Amino acid sequence: MATDPASLRMLTGDRPTGALHIGHYFGSIRNRIRLQDSGAEIWQLIADYQVITDRDVAGDIAGNVRNLLVDNIAAGLDPDKATIFTHSSVPALNQLMLPFLSLVSVAELQRNPTVKDEAKSAGITSIGGLLLTYPVHQAADILFCKANVVPVGRDQLPHLEQTRVVARRFNDRYAPVFPEPGALLSEAPLILGTDGTKMSKSKGNVVELRMTADETAKKLKGAKTDSDRVITYDPDARPEVANLLTLIGLCEGVDPAAVAEEIGDGGGGALKGRLTDAINTELAPLRARRAELLADPGYLDDVLRGGNARANEVAEATLDEVRAAMGMVYA
């Protein structure tokens, strides 16, 4: 990647289940922008169909799709360089599910640890067909545009391996159509929520990108720390304090341990005050750009329309290749 970023075609995506937050920003979005600016080809999926893998209703799907689009562009994703599209607008992508499902067994899908974890976190006791086949849907997402790299967390590696298996089996059974994509592991540490547990939209322990500076300050004021007034960077013994120091480090580009030394015996108040300033400074350009984008809905419509058109063009070409490889072209 460091030697030839222009050779990379990266597929990444978000489920529109709610507003994006700083966990998304530091864990994924900043890396997307870096890759884009280095010359990699970016495909950004807004995975609207995947919203219903672990819930009965989609909620405010239109509003969430719009917010995802706005947040990514406001963060620096350039629609002239990146293809931004929605699942439901690309029929040929989803049609790849049919041949891909023939390449995996039910037992393989049932063993996938990521599916089990997602079902558990959603409180699902009986896994539905869409959630069970979620890794195959992701394979279609990745392979339709022949992405060769996918940014993932370690917990998502089983999904990506399933994609690699699907590609390998299709190529072996029919013809060499698909690359086997590699994983791009995020270097950002796990960001905890304000309650000290994993940051999650459903828990309400997040700092949303769309929050105002005052809303951010209020949210961080309630962030969990501990009773020791002297601030030290000790991720094992003081995970909540270390998490806030890590966030400062990510915003300011400094060593969290050095930040701890500077704050010293200033206590949790000084720590939260500095974090509030750091996050508000980091997100100020994004929030300003966000306001501009929301004031121009016609531009947003054009971006999504253009991205969907490009995705359809590529997906239909890939599906034609698949049909030809399978001997299903009749005229």
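**Where the two domains meet**

Let me begin with one pair: the side chains of Arg290 and Asp71 meet in a salt bridge at 2.6 Å, N to O, a salt bridge being a side-chain nitrogen of Lys or Arg within 4 Å of a carboxyl oxygen of Asp or Glu. The count between domain 1 and domain 2 is 2 salt bridges.

Before going on, I should say that this is a predicted model, in which local features need pLDDT of at least 70 and side-chain atom pairs count only at pLDDT 80 or more, while totals for chains, interfaces and linings use all residues. Residues are numbered from 1 along each chain as its sequence is written, and side-chain values use heavy atoms, with hydrogens and water left out.

The domain assignment, which is of the automatic or database kind, gives domain 1 as 5–190 + 297–326 and domain 2 as 211–293. Their C-alpha centres lie 31 Å apart, and the contact, meaning heavy atoms within 4.5 Å, takes 15 residues from domain 1 and 12 residues from domain 2.

How much area is buried between domain 1 and domain 2? The figure is about 1,200 Å², of which carbon and sulfur atoms give 67%; buried area here is the accessible area (1.4 Å probe) that two parts lose on being put together, summed over both. On the side of domain 1, Ile22, Phe26 and Ala74 supply 37% of the area that this domain buries against domain 2, more than any other three residues.
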